[in-house]
Structure formats: C-alpha cells, structure tokens
Amino acid sequence: MNNYEFLLVLSDHLELYILNLLFSVCIYYFIFRKYVLNILDPLFITLLGSAIGFATVSFLFWCDLIKSFYFFSYILTQTSYILSFCFYARKKKLQKTKIIISTDNDRSLLGVYVLIACLDCLLQFVVYEVEGIPLLKESRLETFIGGSGFGLINRFITVLRFIAVYLSFYFWNKNYRFIKKYIILYFACVLLFVILSGSKSGVLTIVSYYICYLIVNHKIKSLSLNTKYLFVGVMSVTILGLYIKYDSVSLACQLLLERVVFYGDVYWQSYPNDTIYAVAPEGNWFTALFADFLGAFRLVSWDNLPDPLGRYLFSALSQSDLVMGCNARHNVFGLYYMGPYFSLLFSACIGGLLGKVYNRLYHMPEKDSVWIKIAWVYMYICLLSAEVDPVLCIASVDSFLITMPIVLILIILVLYITKRGDIDNYSELQH
C-alpha cells in the first residue's frame, strides 16, 4: 500500500484512526509519564512517533488491511522494546539543580569551540556552493550521495555541529559576555542551515541537544520557564521552512500534519499484501544493520551492501528512482531480517541499551569532563533514533568514530597553543 492509497483509506475512516490514536496516546502516557520531562524532551518526540506507529498498525488491523500475524508481531516486538527500556531506565527522583564544578580549562575549551563552530559553517557553505541547497532539491538526500565525497563531509558537519551546539549552551550558561555575541551569530547560521536542509525535524534536533544538556548537567528545573517559547519557536521555524519551499502557509501546515501521520508510514508500506517479503533486498541482518560501518571502513564494497529497507519499499510501491524511503522501524527491520522470534530479542536489546544510557544521563557525576558528557549525550541521541531506524543509529555512531580522530587532533593543537601562550605570558611576568 503506497502513501496515496493509505490517505484514501484514512479519509474514509478518519474517526476510527482518531480513536486508535487516542487509545495509543493514553497507553503511552500511562507507561512513560514518569520518564518524560515535557513535550520537547527528545524521548517524548521518539515516543510520539512510536505511539502514532501503534495507532497506524491497529488502524490497519481493524480495517482488515493486514494479517493478524503482522499485528501480533508488532505488539510483541514493541512490548519487548518497552519492557526492556523500563527495566534498565529505573528513573529515580530527579536531582535538584546544583552548581556544576567543571574540571575543564575554559580558555582551552573556548578555543576548541570557536574552531569547531567555524569549521561547521565553512563545510556547510562548501556543500551549498558545490551541491546546491537541499531544500530546493526534489529529494534533499540527493545532496550527499553519488560517491562525490560529500557523504564524508556530511558526517563531519553532523558531529561538529553537535559538539559546537553543546558547547554553545555550555558557554552561554557560563555568562561570559564577550562570547555571547559569537554564540548568537553561530546560532543564526545554524538556524539558517536547518531551514535550508529541508528537514522537518531539524529544529527539534537542536532543541533535543539543549534538553540533553540540561539533563546531563542537572539543570532541568529551568525547563519549566522555557518550554512554551521553545515549542512556539520550533513550530514557527518548521512551518517557515515548508513555506519557503511551497510558497503557501496552508500547504505548509497541511504537510506538517501529514508528517505527523507519516510517522507510521513503514507499516502501511510493508505489512499490507505481504509487501515486506515481496521487495527482497539483498544481504542478511548483519550486512543490513552494519552496512554503513562495513562500507565506510571499506571492509565490504558499497556495491555488495544492501540499500536501506525503506528505500526498497518506496521503489517497489512508487516505481520511482528518487532517493527516498520510509524509516525501517525496529519492528519491521527485525521481522524481515531476523524472523518473528529473534526480532523480539533485537527489540529488547535496543530498548535495554536506551534505558541504560538514559539512566546514565540522569545520574551523571557532576565532576565528569565536558567531553565525557558530550559523548554520553551523543550516544543517547543515537539510541533514540534506533527505535525509528536501527541502521540510522549505527550510521550516526560511525560518523562519530570516523570524525573524532580528526577532532581530537584539532583539540590537542588548540590545547598546545593555549598552554604555550600561558607559558609565554608567565615568562614575561617573571622578567
């Protein structure tokens, strides 16, 4: 069932879909209400997509569009994921806001921040100059494919921007007045990049970084004052990006609502008519899950690795060569590559890993280095995406592994330069 066919069914049974959605949201609220801070919590965004996915599967089942086998496979894998997460998360009472005693040298860290932020902006402008603006392309994913080397640049942009945004929050909360103008300028650039990227969730990603920064530094009480303003800002920027592309406010709002429904697109594309078994992508579960890692480190040729499952589904249903496709959620990916039994273990592993890292974020030792906190937050963001697309999660980890050696070299150089400057200043004072 392609997207158009599902929307036709949805329009004929809208009340049934809304009832399923309300039921799904109530279940998720009852289970996760103690784990989520507010509507901008990155965990809430993930769970919202998960709840919409549940509503989609149950809607398809009640409309008699999928077999009971797929319905119960989804229920069992999702239950396995949720139970595993809740078992390992075990969230305790939130810690009170405390003053964090950092062990990092802020002068050296500031030099690293300026360098990384400048590199992020420079690389992004190079992409625009050579490949064009993703927002203006028919498929924004075309920018970073084709073996032109921009896939590697995209990895650097992703990691550098994450580090630079995190450090922006760090220095803003330090109240260093001389750096605040630079932070504002950098965030203006980031906001522009998010709009031009064509991604409907780009602003949410930046907000997720901010929420995680507050969590890991035990500053979550300040969230109560900022949530409503952040939410309005997120919605405004998202609609603005869609308006720039389609030149219509009403169409932009319609597409935003459509995007919410499309959180469950992989289910109506794969379950009805046994489409999941008709596309037949090559490879086994290992090469499919770790395709990005195997290809990026040249362990296996890219030609011998399978494309993402969602792209196969899109091509089979739409007869299009566009680089597009739904996210193969863990339920669908596990069922296809691992079967109905091992997919339960696969979903449990994803939920358990997320629960462990979630627990670590809320109980991060206060004196841990800012770099340790950055690494844990990045891992948390990656694991949140594992519920949506396990392959994307692995690709995000690969980006970190590939780019960090270069970043570490830059950090060492900055530390050497700043410490050398301290020695020279001390020598001058002695004379």
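A charge is taken to sit over a ring if NZ of Lys or CZ of Arg is within 6 Å of the ring centre and within 35 degrees of the ring normal. In this predicted model, Lys 180 lies over the face of Trp 172, at 4.4 Å from the ring centre.

Aromatic rings also pair with one another, and the count of such pairs comes to 43. In the pair formed by Tyr 17 and Phe 59, the ring centres are 5.5 Å apart and the planes stand at 85 degrees, so the arrangement is edge-to-face. Because Tyr 17 belongs to helix H2 (residues 14-32) and Phe 59 to helix H3 (residues 42-62), the pair ties together parts that are 42 residues apart in sequence. Both Tyr 17 and Phe 59 are buried. Elsewhere in the chain, one aromatic cluster has among its members Tyr 113, Tyr 166, Phe 169, Tyr 210 and Tyr 213.

Helix H15 (residues 330-362) spans only 25 Å between its end C-alpha atoms, whereas a straight helix of 33 residues would span 48 Å. A bend of about 125 degrees occurs in H15 at Met 338, and Pro 340 follows within four residues.

Confidence varies along the chain, for which the average pLDDT is 81, with 78% of the residues scoring at least 70. Among the elements, helix H4 (residues 68-89) has the highest mean pLDDT, 94, and helix H9 (residues 223-246) the lowest, 59. Over residues 93-103 the pLDDT stays under 50, and the model has 23 contacts beyond four places in sequence for this stretch. Residues 423-431 also have a pLDDT below 50, with 1 contact in the model beyond near neighbours in sequence. Where pLDDT is low, the predicted coordinates should not be read in detail.

Terms used:
Residues are numbered from 1 along each chain as its sequence is written. This is a predicted model: local features need pLDDT of at least 70, side-chain atom pairs count only at pLDDT 80 or more; totals for chains, interfaces and linings use all residues. Side-chain values use heavy atoms; hydrogens and water are left out. Rings of Phe, Tyr and Trp (its six-membered ring) pair if their centres lie within 6.5 Å; planes under 30 degrees apart count as stacked, over 60 as edge-to-face and the rest as tilted. Helices (H or I, at least four residues) and strands (E, at least two) are DSSP runs, numbered from the N terminus. Buried means under 20% relative accessible area, exposed over 50%, partly exposed in between (1.4 Å probe, protein chains only). The expected span of a helix is 1.5 Å times one less than its number of residues. The bend at a residue is the angle between axes fitted to the seven residues ending there and the seven starting there. pLDDT is the predictor's confidence in each residue, from 0 to 100. Contact means heavy atoms within 4.5 Å.
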